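Reader: I have a model open on my screen. Please walk me through its helices, its sheet and its core.

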Amino acid sequence: MVVLGSTGSIGKTSLNLAHKFNIGIEAISCNSNYELLNEQILKFNPKFVCINDENLAKFVKHKQVFTGEQGILDMLEACKSKLVINSLVGFAGLAPSVKIQNLGKKLALANKESLVVGGKFLNAKEINPIDSEHFGLKFLLENKTPAGSLIITASGGAFYKTPIKALKNVTAKDALKHPNWDMGAKITIDSATMANKLFEVLEAFWLFGTDRIDALIEPTSMIHALVAFKDGSTTAHLSRTDMSLAIAHAVLGDLNASNADQKNKKFSQNITANLDLLALKNIKFHKINLNKYPIFSLKDELLANPDLGVIVNAANEIGVFKFLKNECEFLEISRVVLKSVKEFGNTKITSLNELFEIDKEVRIWASKEIKERV
């Protein structure tokens, strides 16, 4: 298989699983971490390698090195593997997702932005989702009882217990202290603003074909998803805060799709340890406070008009990266996202070219908007 974003959290876990289950790695890519990339090259001996930062290519110890955004697309075309894990960060993951499906390869998707901004240009039914929430929903929906509504959960992020008035003065260092998960910087900030959960709701819209989707805060992160069925029953999916499980089902399930016995054999051993039910903390659900997490107030608007996903994502990426560089306050992220929807809310997207153009336009506008405020 191919792993895009091999040096990130999802990528490293994917390679660990590949080693455990003797899955060959044909190609890997990273943004700039060439030191770890070289370690992975030594261990997995991929045929192709790509690094996004062209200036760092000379440090990569491999004969076949692709570079830049186009390099990833060219590398994918050269690969024979039928399964590709896309764990790239942000809007940059969309073009590879489209390319993967256009090449007839199976897309195991951890790059949520691909669906958030370009869901209408992807075949969501042919995607293996890599997200604990969407894996949980897929698992639960194998129940043949008709589903009424889908519910995903949020931890509340780093500031769940922080008073709203105190959010004005929080720092990037504070925001990166997620209580339950070990994730990359961007997604950890998105968790603190609830943008991550907003994106996951829109992902679920494309993956499962329903707008009856909501999210609740469950601070322990032990319950990842629930389905309320039409017969009145509700089922929940529980597991440890370990992405190995979702990745394993997205990868192993597809690799062995034609051989049910072989697939069952793979999952007859523990991917991660089972929960100790007697040791579980008290599990309680809470509504998402829109005063504290104003970004989530866009949920119904996005479900009614998914084209807004590219606008929300572009403004959010600008806000998050400026916050991480101490160029704006934490609350500025939500403000610029909400204002971007008012500014560009009438946008209708009919082609990928239009999508990339509106993404650029919103980024320019959001950067200027934040600069004028600071």
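Reader: Which residues of α9 are buried?
Author: This is a predicted model, where local features need pLDDT of at least 70, side-chain atom pairs count only at pLDDT 80 or more, and totals for chains, interfaces and linings use all residues. Residues are numbered from 1 along each chain as its sequence is written, and side-chain values use heavy atoms, with hydrogens and water left out. Buried means under 20% relative accessible area, exposed over 50%, partly exposed in between (1.4 Å probe, protein chains only). The buried residues of α9 are A195, N196, K197, L198, F199, E200, V201, L202, E203, A204, F205 and L207.

Reader: Why is α9 largely enclosed by the rest of the structure?
Author: Helices (H or I, at least four residues) and strands (E, at least two) are DSSP runs, numbered from the N terminus. Helix α9 spans residues 195–208. It is largely enclosed because the buried residues number 12 of the 14.

Reader: What does K299 touch?
Author: K299 sits in helix α12, residues 299–304. K299 is buried, at a relative accessible area of 13%. Contact means heavy atoms within 4.5 Å. Leaving out residues up to four places away in sequence, K299 touches L198, V201, I213 and D214.

Reader: Which residue of β9 stands opposite L150?
Author: Two strands pair if DSSP finds at least two bridges between them. Strand β8 (residues 147–154) runs parallel to β9, joined by 5 bridges. Opposite L150, in β9, stands I213.

Reader: What is the strand order in the open sheet of 4 strands?
Author: Pairing in this open sheet is mixed. Its edge strands, β9 (213–217) and β11 (234–238), each pair on one side only. The order is β9-β8-β10-β11.

Reader: Which helix gives the most to the largest nonpolar core?
Author: A nonpolar core is a set of buried Ala, Val, Leu, Ile, Met, Phe, Trp, Tyr and Cys residues joined through side-chain atoms within 4.5 Å. The largest has 81 residues, and V310, V312 and F323 are among those with the most contacts inside it. With 9 residues, the helix that gives the most to this core is α13.

Reader: How many residues of α13 are buried?
Author: Helix α13 covers residues 308–324. It is largely enclosed by the rest of the structure, because the buried count is 15 of the 17 residues.

Notes
Expected span 1.5 Å × (residues − 1).
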